[in-house]
Amino acid sequence: MNFLSTAVTGLAFVSVYAGLHHLIYYLRVRDRRELVPFALACFAIAAYDVSSAGLYSVTNTHESVIWMKGQFAASILFGIFLLRFVSDFIGRSSRKWDYVFSAIWIIVLAVVFVLPTEKIWSGDPSIKLSSLFGKRIIYYESEMTSLGYTRDVIGVIAVAYVMISLMRFSKRGGRHEAQPVLAGLICFVVSVLNDVCVADGIFGLKSFYMMEWGFMALIFGVAYSMSFSHSRVRSALNMTEFQRSWLAGAVNDTGESIMIMDTAGRMQYVNPAFEKMTGFSSDESLGRRVFLFRNSRQNRAFYMNIRER
């Protein structure tokens, strides 16, 4: 395994960690549905990274096909999970385009695994030269047929759809949540464009495949957005707790008698002023009906009226 394969394998471990972290987070909170598709997208990215590591380690085009097939499948799964994540993230009501893109990708994926490999990858060598930190890199790849490029065409349209959706969500008031995701997505798009140029030999030896690093930028962007949302919820909960404590202190310290009943008329809370006024402690009062304090000056209807209010 060369140094590039080792680096990409490290990215795979980071992706798995990010996926597990957000999946466990969902199991704890349950109300953040977007966490599940994001976790699955992280696992798809990890699968892509592992396939890339294998591809970068081969020394002939024949061995490369199995790893290119893994990249192909993982990238399609990533696209499906990304669409679901964004829709959950922005609260999209209509998801017909999600289903259209996903259905086409699933059909393409099924075709890839059903048809003979040579129908997707011709077997003709497509060797590319590049460099990283002065070290020469040789990519041994097999030429892909036109059928294989269906994934890429749908991918371009789907990414544009996702970016437009995020920008609209940002304008509707979700700027702080959407911007980190958009930034990560832009980095991912730039890495894809770079890979296209590397594949076509436009950059010569001046660049290398960077899609795995673009995936990582997207993970960091989404994770940052999630952490921002989480911190905002925590701040709101802390403020609510402070207000609750302040209100409880005010109720306990007031000189007015206060009691709280449930719908059945049983007392659930009494303050110190109530205990002092009635002579009944909270232990004696809680769970008892308000009729405990009935006297001859008030009839039953009076206490029923209190309960109904």
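In this predicted model, the count of aromatic ring pairs comes to nine. One of them joins phenylalanine 85 and phenylalanine 89, which count as stacked because their ring centres lie 5.4 Å apart with the planes at 25°, an angle under the 30 degrees that marks a stacked pair. Both residues belong to helix H3, where they sit four residues apart, or about one turn of the helix, and both phenylalanine 85 and phenylalanine 89 are buried. The two rings are also part of one aromatic cluster, which is formed by Phe38, Phe85, Phe89 and Phe169.

Phe85 appears again in the largest nonpolar core, which has 63 residues, and is listed there with Phe78, Trp105, Trp121, Tyr139, Leu166 and Leu185 among the residues with the most contacts inside that core. Several elements give two or more residues to this core, and they are tabulated here with their residue ranges.

| Element | Residues |
|---|---|
| helix H1 | 3-29 |
| helix H2 | 35-57 |
| helix H3 | 61-90 |
| helix H4 | 96-114 |
| strand E2 | 135-144 |
| helix H5 | 150-199 |
| helix H6 | 211-253 |

Helix H3 gives the most to the core, with 14 residues. Leucine 185, when residues up to four places away in sequence are not counted, touches Leu82, Val162, Met163, Leu166 and Leu218.

The surface also carries nonpolar side chains: Val16, Leu20 and Ile24 form a patch with about 240 Å² of accessible area together. Leucine 20, found in helix H1, counts as partly exposed because its relative accessibility is 42%, a value that falls between the 20% and 50% cut-offs.

Conventions: Residues numbered from 1 in each chain as written. Predicted model: local features only at pLDDT ≥ 70, side-chain atom pairs only at ≥ 80, totals over all residues. Heavy atoms only, no water. Core = buried A, V, L, I, M, F, W, Y, C linked by side-chain atoms within 4.5 Å. Buried < 20%, exposed > 50% of the residue type's maximum accessible area, 1.4 Å probe, protein only. Contact = heavy atoms within 4.5 Å. Patch = residues over 30% accessible without salt bridge, like charges linked within 9 Å, V, L, I, M, F, W, Y side chains within 5 Å. Areas by Shrake-Rupley, 256 points an atom, 1.4 Å probe, with all protein chains shown as cover. Salt bridge = Lys/Arg side-chain N within 4 Å of Asp/Glu carboxyl O. Phe/Tyr/Trp six-rings, centres within 6.5 Å; stacked < 30°, edge-to-face > 60°.
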